Amino acid sequence: MMAAVIVAIMFSMLAIGMPVAFALAVSGCMGLYWVGGMDALTGVVSTTPLSTAGTYEMISVPMFILMAEFVILSGVADNLFKAAATWVGRVPGGLAMATALAGAGFGAISGSSTASAATLSSTTVPAMLKQGYEPQLAGGVVAISGTLAMLIPPSIALVLYGIIADVNISQLLVGGVVPGLMVTVTIMLTVAFLVWQKPERAPLGISYTMMEKFRSLKVVGPMLILFMAVTGVIYTGVATPTEASGIGAFGAFALAVRAGKINWATLFKALMRAIQASCMIIMIIVCAKIFGYFFSLTQTTQMIVSWVSHQGLSKWVVIGLILCGYIMLGCLMDQIAILILTVPVVLPLILALGFDPVWFGVIIIVTAEVGLVTPPVGLNIFVVSRYTGRPLKEVFAGVWPHVIAHLGLLVLFVAFPGLITWLPSTMNP
Amino acid sequence: MNTYQFSMRWMRIADRLAAYLACVMLFALMMLVVTDVSLRYIFNAPLSWSYDTISLFLLPGVFFLSMSYTLSTHGHVSVDILHNYVSQRTRYVFEALTSAIATPVFGFITWIAAQSTWKDWVMGTYLTSGLEVSTWTTTVLLPFGFGLLTVRSLLNVWGYLATLITDKQWLALPPMSGTEAVES
């Protein structure tokens, strides 16, 4: 009862536009005072912010964000599309497929989906439109390809899940590799289908000589080095994700220096953007922690778990309902906020049903990818529309086929958990 | 210049200075992690003080020092669906209301944190970790960061209310998601 009232208050505050973190802090403090009086409230408030913000694993959050900033600055990502287009540009729908490949490549060195969508938009869409591609097709493929950064390691979202759920972050990051590749292939197949259906959607491009093809690979080198410096060292167990995030940020910084893109102004801008993005995320985590104490005191999570297990539903029905819930929430709220708000409550339920926490982490990131491109709050759609100057409606229309394909893939991941859990299981213990 | 504009100007300066310090700390954090990892794997000689320096100073510093600045740039993510369907005036009412609700909570956290930092200072306690440093040097980040956030939030209440009352724009509404200026 108490928990229901406080949650209702929290949602009302969210609805009228209070920042997510603030709504959590305010309702959490109210709840703590209600349950445990002043002592409980002061106890939590005086220790939680500092201890949560100082959690060592938290380093990965600002570091991966900073890495994404430096990657953009270095211009490493700009030529990925050109290289991919040299190889597959001749195939029907080739430039759109190259966009998916560039999205995967960018995702392998950056953990931020919006940064990826922004970078991809500015290079790929003009190229596709110039070749006479249907604008809808072009916008849609960029928006969905941008979401790959969230799934392919390094991924800020997976790190967050690891921190909140207390799940091994190395395994989570490695667990994103195979699904990431499968999503990339799915995007390409969807493009192939759309072009097969209506060939005039994507006029054929020019072909390149073998020499040009190999020369284009030059840009892949720095990307691969950076990918190995982060995901490679995590997979082989050489470094922890925390250390790897620092190495990744530094590696991207070094690439930016080499490219001559670092001066006081650009460095300062990258740092300023990184502290804001980090602060936003850490603030939600800290405030969610305060709110979490209230939930533990009222034993709400246990009540929900036992209530669900007494319903006698099959575990597949429960997971189906949970994923539908995530997809609906994804249409309304920011993905990171959803993750931090729901995981502490949903994960105990998932574990009680006997599902694997690493598998579930990757699964909700795949659903979050859908949330990034569905109306009304599809962040990536906003980004693509803003950077290309195309109307929102057009990008939303173009992304639908991809959303359907994505949901099909999600069903596949739920039916065959091994697709996600296999690669992490081969890691060095 | 009225009192509000005067306070806002000083607030902006304070926020910016704190954010600059956070930037320096973030860069130092990156360099320290890389140095520590290199020393550990290449020379097998990690820095003994890096862990504590990061988790007690740099990481909390990056966070607490940028809280208020991030509020000023509307960086704290919110759900603005409802804002799409209401009038400009109602949006001001919403903003004033949410800021007015949040301010006392931040004020309370600042007060509690300040008391505990004061205690650390008076008692002269030292950190129990490997670093031989007074406890207040790290705990002071909390009242400082939340203090700035409280004042910023209070100024927001003032700005939004004044706009509602005088019908002149004292403080602009946060941009709706998707309408922020395109960065070059």
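The second largest pocket of this predicted model encloses about 1,300 Å³ of space. A pocket is an open set of points on a 1 Å grid over the protein atoms alone, with protein on both sides within 12 Å along at least five of seven lines, and lining residues have an atom within 4 Å of a point. Grid points are joined across faces, edges and corners, and a volume is the space filled by probe spheres set on the points. Of the 44 lining residues, A:Leu341, A:Thr342, A:Pro344, A:Val345 and A:Val346 are the closest to the centre of this pocket. Helix 18 of chain A supplies the largest share of the lining, eleven residues; among the other elements that give two or more are helix 9 (156-165) and helix 16 (300-309) of chain A. Helices here are DSSP runs (H or I, at least four residues) numbered from the N terminus.

Enclosed space is also present: the structure holds three cavities of 30 Å³ or more, a cavity being a set of points where a 1.4 Å probe fits but cannot get out. The largest cavity has a volume of about 50 Å³. Its lining consists of A:Tyr326, A:Gly330, A:Gln335, A:Ile338, A:Leu339, A:Ile364, A:Thr367 and A:Ala368. Helix 17 (315-332), helix 18 (335-352) and helix 19 (357-371) of chain A each contribute at least two of the lining residues.

Turning to the interface, 61 residues of chain A are in contact (heavy atoms within 4.5 Å) with 59 residues of chain B. The two chains bury about 5,400 Å² between them, 80% of it on carbon and sulfur atoms; buried area is the accessible area (1.4 Å probe) lost on putting the parts together, summed over both. One salt bridge is found across the interface, under the rule of a Lys or Arg side-chain nitrogen within 4 Å of a carboxyl oxygen of Asp or Glu. This salt bridge joins the side chains of A:Glu243 and B:Arg40 at 2.7 Å, N to O. On the side of chain A that touches chain B, helix 15 of chain A gives the most, with 15 residues.

The residue classes of the three surfaces are as follows.

| Surface | Nonpolar | Polar | Charged |
|---|---|---|---|
| Lining of the second largest pocket | 33 residues | ten residues | one residue |
| Lining of the largest cavity | five residues | three residues | no residues |
| Side of chain A that touches chain B | 48 residues | eight residues | five residues |

Ala, Val, Leu, Ile, Met, Phe, Trp, Tyr, Cys and Pro count as nonpolar, Asp, Glu, Lys and Arg as charged, and the others, Gly among them, as polar.

Residues are numbered from 1 along each chain as its sequence is written, and chains are lettered from A and ligands numbered from 1 in the order in which they are written. Local features need pLDDT of at least 70 and side-chain atom pairs count only at pLDDT 80 or more, whereas totals for chains, interfaces and linings use all residues, and side-chain values use heavy atoms, with hydrogens and water left out.
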